[in-house]
Amino acid sequence: MKLVFAGTPEVAVPALDALLASGRHEVAAVVTRPDAPAGRGRRLVASPVAERAEEAGIEVLKPAKPKDPEFLERLREIGPDCCPVVAYGALLPRVALDIPAHGWVNLHFSLLPAWRGAAPVQHAIMAGDEITGASTFLIEEGLDSGPVYGTVTEEIRATDTSGDLLTRLAFAGAGLLAATMDGIEDGTLKAVPQPADGISLAPKVNVEDAHLDWNAPALRIDRMVRGCTPAPGAWTTFRGERLKLIQVTPVPDRTDLAPGQIAAGKNNVHAGTGSYGVELLWVQAQGKKPMRAADWARGVRIGEGERLGA
């Protein structure tokens, strides 16, 4: 088939690579978000998908909005059979959805209908799910509600951050998306409507959502930290300034600390929660680089009874 691939961030690159390597389909063009300012100089930088496409000598389309007439006209000229999508980042209007004969097929990082929305991996970890995966589905105008072509499952490990899990899903999902394109082309794969039960939503996790509540149990604190790493970053306050928590681990036998109370030993730092303690392993103070929590504690000289989030 002739394909036009739509995607923007680094997590979409493995799927583009898989389609380029398949040898069965032609990736005629790539659709991605416009260049965005980045770094201290705030200079415009192309998306990771745009950079990969340019390396491969593929035409790159960067519409401000996918309803722009110039973009729609160029898409019609290319005449794709199907448009595979991975984390493109913009809503597609009906007029665009109708152009390819086999529609737009999205690779979504959950087992639909669970975790529809922008942040499925973060929410799966924060909810304590043990299994997640990726799904390919035909895009409709509803939120991740279209019929599903295929899935792949992935175990959520006890120490997984959302970054760790998303990286594994990006590569597992890349193979799934390539296989989905093959099945659509040869007619062996049919999309199956999603069940009405089991729907859960995964809206974008913003900075305020990542604010830790020390009255929550230790397992919830651990899941929040892992689910919000690397972005937006779980945080609390200490002496009135923000402190980002990068890695913690539950300590079930530490039950003597009140929620948020800190106890610093020679080589460790514990904090109380609504159940038992957690050990702080890596933190990042405001305006500082990430550091081991024990080094941070020595630097700030924690007093007896001091608390996080006070």
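Partly exposed describes a residue whose relative accessible area falls between the buried class, under 20%, and the exposed class, over 50%. Arg-254, with a relative accessible area of 22%, is therefore partly exposed. The model described here is predicted. It contains 17 salt bridges, one aromatic pair and zero disulfides.

**Salt bridges**

- Arg-254 and Asp-256 meet through their side chains in a salt bridge, with 2.6 Å from N to O. Asp-256 is exposed, at a relative accessible area of 54%, while Arg-254 is partly exposed.
- Arg-74 and Glu-77 form another salt bridge, in which the closest N and O atoms are 3.0 Å apart. Both residues belong to helix 3 (residues 69–78) and are three residues apart, about one turn of the helix. In general, an α-helix has 3.6 residues a turn, so residues three or four places apart point the same way.
- Within that helix 3 pair, Glu-77 is exposed with a relative accessible area of 52%, and Arg-74 is partly exposed at 29%.
- A salt bridge also joins Arg-24 to Asp-186, where the closest N and O atoms lie 3.3 Å apart. This pair links distant parts of the chain, since Arg-24 is in the loop between helix 1 and strand 2 and Asp-186 is in helix 6, 162 residues apart.
- Arg-24 has a relative accessible area of 38% and is partly exposed; Asp-186 is partly exposed too, at 41%.
- Arg-24 and Asp-186 also belong to a network of salt bridges that includes Asp-182 and Glu-185.

**Aromatic rings**

- The aromatic pair consists of Phe-238 and Trp-296 in an edge-to-face arrangement, with 5.2 Å centre to centre and 70° between the planes. The edge-to-face label applies because the angle between planes is over 60 degrees.
- Phe-238 is part of strand 10 (residues 235–238) and Trp-296 is part of helix 8 (residues 293–300), so the pair ties together parts that are 58 residues apart in sequence.
- Both partners, Phe-238 and Trp-296, are buried.
- Trp-235 has a charged neighbour: the charged end of Arg-242 sits over its ring, 3.7 Å from the ring centre.

**Cysteines**

- Cys-83 is in no disulfide, and the nearest cysteine sulfur, belonging to Cys-82, is 6.5 Å away. A disulfide requires the two sulfur atoms to be within 2.5 Å, so this separation does not qualify.
- Cys-83 is buried, with a relative accessible area of 0%. Cys-228 is likewise buried, at 0%.

**Helix 2**

- Helix 2 (residues 48–55) has Val-49, Ala-50 and Ala-53 among its buried residues. Viewed down the helix axis, the buried residues fall within an arc of 100°, so they line one face of helix 2.
- The cover over the buried residues of helix 2 includes strand 1 (2–7), helix 1 (13–22), strand 2 (26–31) and strand 5 (59–61).
- After helix 2 comes Gly-57, which has a positive phi, near 75°.

**Helix 7**

- Helix 7 (residues 218–227) is mostly covered, with seven of its ten residues buried. The buried residues are Ala-218, Ile-221, Asp-222, Met-224, Val-225, Arg-226 and Gly-227.
- Elements covering these buried residues of helix 7 include helix 5, helix 6 (162–186), strand 11 (241–251) and strand 14 (277–285).
- Helix 6 thus appears in two settings: helix 6 is part of the cover of helix 7, and Asp-186, the salt-bridge partner of Arg-24, lies in helix 6.

**Ser-110**

- Ser-110 is located in the loop between strand 7 (104–108) and helix 5 (120–126). Although in a loop, Ser-110 counts as buried, at 1% relative accessibility.
- Leaving aside residues up to four places away in sequence, Ser-110 touches Trp-115, Pro-120, Thr-132, Gly-133, Ala-134 and Ser-135.
- Pro-63 is 47 residues from Ser-110 along the chain, and the C-alpha atoms of the two are separated by 27 Å.

Notes: Residues are numbered from 1 along each chain as its sequence is written. This is a predicted model: local features need pLDDT of at least 70, side-chain atom pairs count only at pLDDT 80 or more; totals for chains, interfaces and linings use all residues. Side-chain values use heavy atoms; hydrogens and water are left out. Rings of Phe, Tyr and Trp (its six-membered ring) pair if their centres lie within 6.5 Å; planes under 30 degrees apart count as stacked, over 60 as edge-to-face and the rest as tilted. Helices (H or I, at least four residues) and strands (E, at least two) are DSSP runs, numbered from the N terminus. Buried means under 20% relative accessible area, exposed over 50%, partly exposed in between (1.4 Å probe, protein chains only). A charge sits over a ring if NZ of Lys or CZ of Arg is within 6 Å of the ring centre and within 35 degrees of the ring normal. The arc is that of the directions from the helix axis to the C-beta atoms. Contact means heavy atoms within 4.5 Å. A salt bridge is a side-chain nitrogen of Lys or Arg within 4 Å of a carboxyl oxygen of Asp or Glu.
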